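Trainee: I would like to learn how to read the features of a model step by step. Could we begin with the general idea each time and then turn to the case at hand?

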Amino acid sequence: MDRLPGFRDFFPDPVPHPDLGRMEERNHIFNTWRQVTRRYGFKEYDGPPLETLDLYKAKSGDEIVHQLYHFTDKGNREVAMRPEMTPTLARMIAAHQRGYKKPMKWFSIPQLFRYERQQKGRLREHFQLNADIIGESDHSADAELIALLIDVLRALGMTHEDFVIRLSSRDAWQAFFKERCHDEAKAYEFYQAVDKLERETPEASTEKLSKIGISYEEVMQFIQAAEPTGDLQAILDQMKARGLDEYIKIDYGVIRGLAYYTGVVFEAFDRKGEFRAIAGGGRYDHLIKLISGGKVDQPSLGFGMGVVLADMLRDKGLFPKATPAVDLYFQISDESLREESITLIQKLRDMGIAVEWPLVQAGGNKQFKAALELGAGHVALLTEAGTVELKNLATRENEQLSADAFLERFRA
Ligand code: HAM
């Protein structure tokens, strides 16, 4: 039986085929996400992967609603697999924000589901780092979040030659739109047309825009001028103070597809333009109000970072080599010493040492080979005299230790 298209399995090393998911890579990314968000004072949260369909309808926008995995459950509820985390976060904040000091800095690593056309960088299931700041309208929060995004990518080994943050503003686009079109109902359609500019032909974009009464040329001129708004300039200044300004540029070609964004928006891209967006986010100052039915109003902003990141790291050879599976391999060459050996193995594991050993009788060579394959740092062997032969596999040094001295060595 095959897995569903657009879904992945993750295998431990050695991964049977290069097209299959590698658990080591996923863990490397998740660990880095957790380390860097911690540096910025973010706290981890999670929510359910299944939500009411209503949570996404009219809040995320048509594009994502069309991609929903949804069904009626046995209790006749209309439910959907979460396609993004932001509505869940907004729901959680709307219900329980009172107990938290503002601004709240929260992160999560949810698995998300979107019925998308499967292509490079687009799957039907993916994991995303979500980092959000709730309860701060000052642009210093935007700069803080963008600095976090840059530092996550730097911690994974990327430099300003590899990626750039394209910074934009829905407010700037809204002002542009209002000057040219007085039908506010068409605003989202306009944002969608701008969002698709880079993925569609000029002819297709011209046709979409002209239906709204806006010309393709004036849109392109506005993008090329790249004149920063006051908000964007303030963010640029803060990025300069952090020494991170070379990672960022004003680019109104970015507007974001999701409906709920309000002010500053941004996306991270590889410099060569070979991949789709590595991450995207921005302000969504009205979403919590909408989801709470007007009861809670908190300015908010955040970003999501997905699997394009893994494709890029693989492409640039930035994934670390396999980490050793065990610290020590405990050989058993004399079966009469099996039980005493097990006693020592248990003591080592109680001390937090990762130990592998032969579950059944096996030849000495086979055991030594297994130790090498596992990347063990040491091989140990209990002798009839009650001493332990310890071999350091890196230096090839051998030692004879009493059982107590052997355990003491690993306790240290
Ligand atoms: P998004 O732009 O839909 O935003 O997704 C963010 C990132 O997730 C994208 O830049 C891309 O790297 C990755 N991604 C999205 N869809 C897929 C897919 N089908 N397969 C693989 N990767 C994908 C959001 O989801 C917002 N909720 C982010 C956010 C958080 N805004 C504020 N807070």
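Mentor: Helices (H or I, at least four residues) and strands (E, at least two) are DSSP runs, numbered from the N terminus. By that reading, the chain comes to 14 helices and 20 strands, and its C-alpha atoms fill a box of roughly 90 × 55 × 45 Å, taken along the principal axes. This is a predicted model, in which local features need pLDDT of at least 70 and side-chain atom pairs count only at pLDDT 80 or more, while totals for chains, interfaces and linings use all residues. Residues are numbered from 1 along each chain as its sequence is written, and side-chain values use heavy atoms, with hydrogens and water left out.

Trainee: How is burial read, and what percentage of the residues in the chain is buried?

Mentor: Buried means under 20% relative accessible area, exposed over 50%, and partly exposed in between, with a 1.4 Å probe and protein chains only. Of the 412 residues in the chain, 47% are buried. Arg-283, found in strand β14 (residues 279-283), counts as buried because its relative accessibility is 5%.

Trainee: Which side chain does the side chain of Arg-283 make a polar contact with?

Mentor: A polar contact is a pair of N or O atoms within 3.5 Å; within protein, one must be able to donate a hydrogen and the other to accept it, and residues adjacent in sequence count only if both atoms are side-chain atoms. Here the partner of the Arg-283 side chain is the side chain of Asp-142, at 3.0 Å.

Trainee: How should I read the surroundings of the ligand, and which residues come nearest?

Mentor: A residue is near a molecule or strand if one of its heavy atoms lies within 4 Å of it. There are 25 residues around the ligand, of which Glu-84, Thr-86, Glu-116, Asp-132 and Tyr-261 come nearest. For the classes, Ala, Val, Leu, Ile, Met, Phe, Trp, Tyr, Cys and Pro count as nonpolar, Asp, Glu, Lys and Arg as charged, and the others, Gly among them, as polar. The shell then has ten nonpolar, nine polar and six charged residues. At least two shell residues are supplied by each of β10 (129-134), β14 and β15 (300-305), with the largest share, three residues, coming from β15.

Trainee: Which residues place polar atoms beside a nitrogen atom of the ligand?

Mentor: A polar backbone atom of Leu-123 is 2.8 Å from a nitrogen atom of the ligand, whereas His-126 has a polar side-chain atom 3.3 Å from a ligand nitrogen, and for a polar side-chain atom of Tyr-260 the distance to a ligand nitrogen is 3.0 Å. The ligand on its own has 650 Å² of accessible area, and the protein covers 97% of it; such areas come from the Shrake-Rupley method with a 1.4 Å probe, and for residues only the protein chains shown count as cover.

Trainee: How are empty spaces found, and how many cavities of 30 Å³ or more does the structure hold?

Mentor: Rolling a probe the size of a water molecule over the atoms shows where empty space is left. On a 1 Å grid over the protein atoms alone, a cavity is a set of points where a 1.4 Å probe fits but cannot get out, and a pocket is an open set with protein on both sides within 12 Å along at least five of seven lines; lining residues have an atom within 4 Å of a point. Grid points are joined across faces, edges and corners, and a volume is the space filled by probe spheres set on the points. The structure holds one cavity of 30 Å³ or more, and the largest cavity has about 50 Å³ of space. Its lining divides into two nonpolar, no polar and eight charged residues, among them Glu-161, Arg-271 and Phe-275.

Trainee: What lines the second largest pocket?

Mentor: The second largest pocket has about 640 Å³ of space. Of its 32 lining residues, Arg-8, Gly-21, Leu-123, Asp-311 and Arg-314 are the closest to its centre. Two or more lining residues come from each of β2 (21-22), α1 (23-39) and α11 (308-315), and α1 gives the largest share, five residues.

Trainee: Where are the cis peptide bonds placed?

Mentor: The bond from Asp-13 to Pro-14 is cis, with omega near -5 degrees, and Pro-14 is found in the loop between β1 (10-11) and β2. Another cis peptide bond joins Lys-102 and Pro-103, with omega about -5 degrees.
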